[in-house]
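User: Hey, I've got this structure open and I'm a bit lost. Can you walk me through it, beginning with one residue?
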Amino acid sequence: MINKNQFFKRQIILSEIGEVGQQKLQNASVLIVGCGGLGGLIAVYLASSGVGKIHLIDFDTVDITNLHRQVFFSLEDVGKPKAEVLSEFIKKRAPFTEVNFTNKPITKENVFELISEVDIVVDGTDSLPTKYLLNDACVIKNKSLVYGSLYKFDGYVATFNVLQKDGTTSSNLRDAFPEMATDIPNCSAAGTLNSIVGMIATQQVNEVLKLITGIGKPLTNELLIYNSLQNTQLKMKLKPTILKEKIAKIFKIQRYIDVACTSQNPDWQIAPRELKSKLGDDNLEIIAVLTDLKLPFEVQQTIHINKFDADKITIDSNKTYVMVCQRGLNSYRATEKMKKKYPDLKVLSLTGGISNYN
């Protein structure tokens, strides 16, 4: 039988932790949303630290492109559900942690149920709609949220919505970024170096451990921004100005839809191989969605999804229009807008975007 004090000896020996702090970790429950680069490492470290209950949420499967930074998956795991694989890994090395998982997206319909039974929520996603969904739900239900985000060589960490000594709660995501941007790519489109992923994930782990044990100073009312190329960091000071009442109103009308989590109509898609066979056809018109795409073929028009107005595009009913973006998400949004305006027009989105075109 494994001795708990022996297992956590190097941690318990810290006077700030001790057996009391270790028991606090054992009694704690944490929800981790996203089991990729951030979430995978966060889950393993928290389980290894002795957090008693961990619930994992991820709807995705392991892809070969994940392995350079999602280090707890192997080649044999490609194609398997991330949450399930990570759960099994944790069970083999963390005997004092009860771990379970949900292999589906977190949505507006199920978010309250999923966060209700945990002490702390951790954001390990690369989806802006999901980040705002978690933030708003945590504010409404008085749950602390440990936030992490990545963009190329930059990482962002904060601890939101923590109960303060005066009875108020600390700032939340909307105090830093009131409105959800719609044109910021995730790491699949923008790219990321695996070292910054690990740095930000362990920063998030550090925040969770401080919240549970009550030691140190959490990153409340500030957003830490770290650049791995220059080894520089700054802290953006935040004030809690967008409060629960306003966020509750936002929650009622916000959809929090992530295109990556929704099904796309196969009849509105064109595979890369089929597009290649049609290049040069006079009746084919390619429209690039977003202006900074590097494309291996000529396009006839370039649009920005946030400024896209189907009424301003000159239409030829004899042509086939193909929308192209980085990953097939914004191009599908543009296709939907075109089909809504011109239901009989042949408009297609390049499946998987340029990332899938080779």
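Analyst: Sure. Leaving aside its neighbours within four places in sequence, Lys-337 is in contact with Ile-305, Phe-308 and Ala-310, where contact means heavy atoms within 4.5 Å. This is a predicted model, so local features need pLDDT of at least 70, side-chain atom pairs count only at pLDDT 80 or more, and totals for chains, interfaces and linings use all residues. Residues are numbered from 1 along each chain as its sequence is written, and side-chain values use heavy atoms, with hydrogens and water left out.

User: How many residues apart are Lys-337 and Phe-308 along the chain, and what separates their C-alpha atoms?
Analyst: They're 29 residues apart along the chain, and 8.6 Å separates the two C-alpha atoms.

User: Which helix is Lys-337 in?
Analyst: Lys-337 is in helix α13, residues 330-341. Helices are DSSP runs of H or I with at least four residues, strands are E runs of at least two, and both are numbered from the N terminus.

User: Buried or exposed, that Lys-337?
Analyst: In between: Lys-337 is partly exposed, with a relative accessible area of 36%. Buried means under 20% relative accessible area and exposed over 50%, with partly exposed in between (1.4 Å probe, protein chains only).

User: New topic. What's the phi of Lys-152?
Analyst: Near 55 degrees, which is a positive value in a residue other than glycine. You'll find Lys-152 in the loop between β5 (144-151) and β6 (154-160). Lys-152 is partly exposed, at 38% relative accessible area.

User: And what about the phi of Asn-221?
Analyst: Asn-221 also has a positive phi near 55 degrees, and it's a residue other than glycine. Its loop runs between α10 (194-213) and β7 (222-227). With 21% relative accessibility, Asn-221 counts as partly exposed.

User: OK, zoom out. How many helices and strands are there in the chain?
Analyst: The chain has 13 helices and 13 strands.

User: What radius of gyration does the chain have, against a compact globule?
Analyst: The chain has 23 Å, and a compact globule with 358 residues would be near 21 Å, so the two agree. The radius is taken over C-alpha atoms, and the globule rule is 2.2 Å times the number of residues to the power 0.38. Along the principal axes, the C-alpha atoms fill a box of roughly 75 × 45 × 40 Å.

User: How much of the chain do buried residues make up?
Analyst: Buried residues make up 49% of the 358.

User: Last one: what share of contacts joins residues at least 24 apart?
Analyst: That's 69%, counted among contacts between residues at least 6 apart in sequence.
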